[in-house]
Amino acid sequence: MQSVAIIGGTGPEGRGLALRWARAGLKVIIGSRDANRARTAAEELCRRLGPAATVEGMDNAGAVSASSTVVLAVPFEGQAAILKQLKPSFQSGAVLVCATVPLASSVGDRGSRVLGVWQGSAAQQAAELVPDGVSVVAAFENISADVLDGESDVECDVIVCADDQRARQVAFELARHIPGVRPVDGGKLENARIVEQITALLISINIRHKVHGAGFRITGIAAN
Ligand SMILES: NC(=O)c1ccc[n+]([C@@H]2O[C@H](COP(=O)([O-])OP(=O)(O)OC[C@H]3O[C@@H](n4cnc5c(N)ncnc54)[C@H](OP(=O)(O)O)[C@@H]3O)[C@@H](O)[C@H]2O)c1
């Protein structure tokens, strides 16, 4: 993989992932509904990381068309509309990595609750909306933006759920570019509904323990 594009890459989660992947040497394309906002975010990251980093900013459509690996990091309430809008821009055979969590906070309720999604999960909704031939994998829903936005290793597992082996491999590769992260095969895409719910639990844990970066590890399996 040479590059990764991030829809919603101007938000804390997208920027945190961009920081880690650019630091690991990937070319990162930050997408936004506003190309200027994307360029500003990209410039900030380049300043922070130095001349070795390659980060560009584009509008979401430009970002999606520029890479065969696309990460979706937008609030759930905007996911369906943005995917419908971007449908013509995907490269044939692209992989969409869905990090969206249908938190109830996106409709004014608590972040410690998730919304019921008709398709089962945000990732399954995304899979219904991408063009034929684009594979969806669910990953990174449980990594806190606060933890990504730092220098230390990210001590947590990333559960990867997909129906397509190639998409699973893409998410594994992205996860391995983040020091400390271990990708764990979480089975089929339908299991994303469980992984997305864990984020709501982690938000509750953050509140109870007055921290911002709770994560989790699966025990009892061999290292990947
Ligand atoms: N924050 C975390 O710690 C964390 C951890 C795990 C998973 N997640 C999940 O990752 C996703 C992104 O999280 P975030 O905290 O970065 O969210 P965010 O700041 O609310 O949104 C991310 C970006 O999405 C774009 N956006 C906002 N509303 C949109 C809409 N209606 N349609 C299309 N694009 C829209 C915005 O970029 P432009 O205005 O530049 O287009 C924004 O900067 C969410 O689904 C969240 O649940 C977050």
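The paragraphs below lead through a predicted model of a protein with a bound ligand, beginning at the ligand and moving on to the cores, a buried helix and several individual residues.

The ligand is surrounded by 20 residues, and the closest of them are Thr-10, Ser-32, Arg-33, Arg-37 and Val-74. Sorted by character, this shell consists of 9 nonpolar, 7 polar and 4 charged residues. Several polar approaches to oxygen atoms of the ligand can be followed in the model. The side chain of Thr-10 places an N or O atom 2.6 Å from a ligand oxygen, while the backbone contributes through Pro-12, where an N or O atom lies 3.2 Å from an oxygen of the ligand, and through Glu-13, where the corresponding distance from a backbone N or O atom is 3.0 Å. On its own the ligand has 880 Å² of accessible area, and the protein covers 77% of it.

From the ligand we turn to the packing of the protein itself. In soluble globular proteins, nonpolar side chains tend to be buried together. In this model the largest nonpolar core has 39 residues, and those with the most contacts inside it are Trp-21, Val-28, Val-97, Phe-140 and Leu-174. Two or more residues of this core come from each of strand S1 (3-7), helix H1 (12-23), strand S2 (27-32), helix H2 (35-49), strand S5 (95-98), strand S7 (157-162) and helix H7 (165-176). Of these elements, H7 gives the most, with 6 residues. Trp-21 shows how parts of the chain meet here: leaving aside residues up to four places away in sequence, Trp-21 touches Val-4, Ile-6, Leu-26, Val-28, Val-71, Phe-140, Leu-174, His-177 and Ile-178. Apart from this core there is a second, separate one of 28 residues, with Leu-72, Phe-90, Val-136 and Val-184 among its members.

Phe-140, named above both as a core residue with many contacts and as a partner of Trp-21, deserves a closer look at its backbone. Phe-140 sits in the loop between strand S6 and helix H6 (145-148), and it has a positive phi of about 70 degrees although it is not a glycine. Its relative accessibility is 1%, so it counts as buried, the limit being under 20%. Lys-210 also has a positive phi without being a glycine, in this case of about 55 degrees, but its surroundings are described by other values. Lys-210 belongs to the segment after helix H8, and because its relative accessibility is 74%, it counts as exposed.

Which of the helices is largely enclosed by the rest of the structure? Helix H5 (residues 122-129) is, because 6 of its 8 residues are buried. The buried residues of H5 are Ala-122, Ala-123, Gln-124, Gln-125, Ala-126 and Leu-129. Their cover includes strand S4 (69-72), helix H4 (76-86), S5, strand S6 (135-138) and helix H8 (192-209).

Polar residues can be buried in this model too, and Ser-67 is one of them, with a relative accessible area of 1%. Ser-67 is located in the loop between helix H3 (60-66) and S4. Its side chain makes a polar contact of 3.0 Å with the side chain of Ser-3, and it also reaches the backbone oxygen of Thr-69 at 3.1 Å. Beyond residues up to four places away in sequence, Ser-67 touches Ser-3, Val-4, Ala-5, Ile-29 and Gln-91. Val-4 is thus a contact of Ser-67 and also a contact of Trp-21.

The last three residues can be placed by their position and by a C-alpha distance. Gly-50 lies in the loop between H2 and strand S3 (54-59) and counts as partly exposed at 22% relative accessibility; its C-alpha atom is separated by 9.3 Å from that of Arg-23, which is 27 residues away along the chain. Gln-169 lies in helix H7 and is partly exposed, with a relative accessible area of 40%, and its C-alpha atom is 9.8 Å from that of Pro-183, 14 residues apart along the chain. Arg-110 is found in the loop between S5 and H5, where it touches Ala-104 and Ser-105 when residues up to four places away in sequence are not counted. Arg-110 and Ala-200 are 90 residues apart in sequence, and the C-alpha to C-alpha distance between them is 9.0 Å.

Conventions:
Residues numbered from 1 in each chain as written. Predicted model: local features only at pLDDT ≥ 70, side-chain atom pairs only at ≥ 80, totals over all residues. Heavy atoms only, no water. Near = heavy atom within 4 Å. Polar contact = N/O pair within 3.5 Å; in protein donor to acceptor, adjacent residues only side chain to side chain. Areas by Shrake-Rupley, 256 points an atom, 1.4 Å probe, with all protein chains shown as cover. Nonpolar A, V, L, I, M, F, W, Y, C, P; charged D, E, K, R; others polar. Core = buried A, V, L, I, M, F, W, Y, C linked by side-chain atoms within 4.5 Å. Buried < 20%, exposed > 50% of the residue type's maximum accessible area, 1.4 Å probe, protein only. Helix = DSSP H or I, 4+ residues; strand = E, 2+ residues; numbered from the N terminus. Contact = heavy atoms within 4.5 Å.
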